[in-house]
Amino acid sequence: MIKILSFIAIFVIITLQSASAVRQFEPKLILTDCPIEGLAGKVKCGTYEVYENRATKKGRKITLKIVYIRATGDKREPDPFVYFAGGPGGSATADASGLARAFPQILEHHDMLFVDQRGTGGSHPLDCKFYDAADLQSYLGYFFPLDDVKKCREQLEANSDLKLYTTTIAADDMDEVRAAFGYERLNLFGGSYGTRAALTYLKRHPQHVRTAILHGVSPTDHFMPSDFPVQTERALQGVLAECLADKVCSEAFPNIKEEAKSVLAQLIKGPVEVEVQKPKSSEKVKVKLSRDLAAEAIRYMLYSPVAAGRVPLILHLASQGNYVPLTYAALQYRQNLVATGSNGMYLSVTCAEDLPWIKPGEGERMAANTFLGDYRLRQQREACALWPRAKIERDYSQPVKSDVPVLILTGQWDPVTPPSNGERAAKTLMNSLHVVVPSGAHGLNGLEGTDCIDDLIVKFVESGTTKGLDTACVKNIHRKGFALKFQ
């Protein structure tokens, strides 16, 4: 993820010219110039202050980190493009530069606004340290080590009420920021958990939404991680079937489905010992790779078409007794994905909005006979037992009903937010269009023809409607191919 440069020490109050009037910001919105290459003079960074407890409007105040990019063209529309980051725990402002570069046509006419959700990035982050960088084996253990969870809770509670970092409260933060900027309506763009945040905003503040783009839908009734095993299995089998339908891949790995089963059978017997090289060192150490971490690595590889294209090769090598590539994958995802972001915020969200609503035995039943198994559900439950649980609204998980235009994008083999999520959300979003991207995953990088999706997004924001969007080009999107060896 692209890192935003540090705040400049001295802040000034600024005014912005809207389409109809000049509005003076309240003092608690503080912005100043900050550099993003190629957008000199257009970018402001700063903070906005809110009460941690929005209900009482008393006590501790926290600051939300903001990056604002003014539209680059002469014809500036009144409704900005607002991004909701994934996770839970990701930083929206960290993605500002990347999205500005990805959608220059949108930025030409629409301001772009990035606000780190409370508990993430630069907005009073709830960061936890869960692994020991000096001990590679620590990355191959519990999803959230319980002793570290206890320690992190104690540290964070010194200056945070961990029950006040839910999606609903964050949606109201966003609306307060909207009002401070003087915007009447927003164009929402959410990815992964960001779609849940965007849907929650739409539900609570429908009059302030012009359009919404949901990429990889995690609706409020998607109780993670109950369906992770079945959706990982669906994605894995889909990718392996594509390999067997590909002439080159099928010739290289003709027995890949049987080999995948043999790898699982071997790991079920117990962990395998693997020698790996420490990062930035010539030293080699032996670590143990369990079924849980091996399966998790495959699951995370399925998030991206590029990494998914290496799954047949990695499983083939493991079936021959070479677990080194699979072990490196497990380590890298733990180090660069699970260990990053604001994991305290992740727990505050999922321990209130997800885990309590999974019926006893349901997750275990869904995990039976899958590659992933139920380890993630078991370990998250244990972590949540140690974390404060926020109260959420009774109707929180009810489907969001709206006639606001919504563009829904889903990868065909997405292992975490599958097409069925998009279909379910679309039923009550009356002016929605659901596009399933062939061979797509949780992301689309590595596919040929994805300019089609970028063009759809641009045209949707420009027109403000799903009507008339031509999706014919989607059928031409395809996987570039499968890896047959490591370069």
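1. Start with the Cys243–Cys249 disulfide. In this predicted model, the torsion about the S-S bond of Cys243 and Cys249 is about -90°, so the disulfide is left-handed. The two sulfur atoms sit 2.0 Å apart. Cys243 has 0% relative accessibility and so counts as buried. Cys249 is buried too, with a relative accessible area of 0%.

2. Next, Cys128 and Cys152. These cysteines are joined by a disulfide with an S to S distance of 1.9 Å. The pair links distant parts of the chain, 24 residues apart. Cys128 lies in the loop between strand E7 (112-115) and helix H3 (146-156), while Cys152 lies in helix H3. The S-S torsion of Cys128 and Cys152 is about -75°, so this disulfide is left-handed. Burial holds at each end. Cys128 counts as buried because its relative accessibility is 11%, and the cut-off is under 20%. Cys152, at 3% relative accessibility, is buried as well.

3. Cys452 and Cys473 call for a separate remark. Their disulfide has an S to S distance of 1.9 Å. Here too the pair links distant parts of the chain, 21 residues apart. Cys452 belongs to helix H17 (residues 451-463). Cys473 is in the loop between H17 and strand E15 (478-479). The torsion about the S-S bond of Cys452 and Cys473 is about 70°, so the disulfide is right-handed. Accessibility needs stating for each cysteine. Cys452 is buried at 7% relative accessibility. Cys473, with a relative accessible area of 28%, is partly exposed.

4. On the disulfide set as a whole: the structure holds five disulfides. With bonded cysteines counted along the chain, the pattern reads 1-2, 3-4, 5-6, 7-8, 9-10. The pairs in the points above are among the five.

5. Overall build. The chain comes to 17 helices and 15 strands. Its radius of gyration is 23 Å, close to the 23 Å that the globule rule gives for 487 residues, so the chain is as compact as a globular protein of that length. Along its principal axes, the C-alpha trace spans about 70 × 55 × 45 Å. Of the 487 residues, 57% count as buried.

6. Contact range. Consider contacts in the chain with a separation of 6 or more. Residues 24 or more positions apart account for 75% of them.

7. Helix H13 (residues 343-353) deserves a look. This helix is mostly covered, with 11 of its 11 residues buried. The buried residues include Asn343, Tyr346, Ser348, Thr350 and Glu353. Others on the list are Gly344, Met345, Leu347, Val349, Cys351 and Ala352. What covers the buried residues of H13? The cover includes H3, H4, H5, helix H12 (324-338) and helix H15 (375-384). A general point helps in reading a helix of this kind. An α-helix has 3.6 residues a turn, so residues three or four places apart point the same way. In H13, 11 of 11 residues are buried.

8. Internal space. The structure holds one cavity of 30 Å³ or more. About 170 Å³ of space lies in the largest cavity. Its lining is made up of 21 residues. Which residues lie nearest the centre of the largest cavity? They are Phe84, Val115, Gln117, Ala170 and Met174.

9. Where the cavity lining comes from. Strand E6 (81-84), helix H4 (167-181) and helix H5 (193-204) each supply at least two residues of the lining of the largest cavity. H4 gives the largest share, five residues. H4 and H5 are also among the elements covering H13. By class, the lining has 12 nonpolar, six polar and three charged residues.

10. Last, Arg185. This residue lies in the loop between H4 and strand E8 (186-191). Arg185 is partly exposed, at 39% relative accessibility. Leaving out residues up to four places away in sequence, Arg185 touches Pro78, Asp79 and Pro80, along with Gln207, His208, Val209 and Arg210. Take the contact with Arg210. Arg185 and Arg210 are 25 residues apart along the chain, and their C-alpha atoms are separated by 5.6 Å.

Conventions. Residues are numbered from 1 along each chain as its sequence is written. This is a predicted model: local features need pLDDT of at least 70, side-chain atom pairs count only at pLDDT 80 or more; totals for chains, interfaces and linings use all residues. Side-chain values use heavy atoms; hydrogens and water are left out. A disulfide is a pair of cysteine sulfur atoms within 2.5 Å. Helices (H or I, at least four residues) and strands (E, at least two) are DSSP runs, numbered from the N terminus. Buried means under 20% relative accessible area, exposed over 50%, partly exposed in between (1.4 Å probe, protein chains only). On a 1 Å grid over the protein atoms alone, a cavity is a set of points where a 1.4 Å probe fits but cannot get out, and a pocket is an open set with protein on both sides within 12 Å along at least five of seven lines; lining residues have an atom within 4 Å of a point. Grid points are joined across faces, edges and corners, and a volume is the space filled by probe spheres set on the points. Ala, Val, Leu, Ile, Met, Phe, Trp, Tyr, Cys and Pro count as nonpolar, Asp, Glu, Lys and Arg as charged, and the others, Gly among them, as polar. Contact means heavy atoms within 4.5 Å. The radius of gyration is taken over C-alpha atoms; the globule rule is 2.2 Å times the number of residues to the power 0.38.
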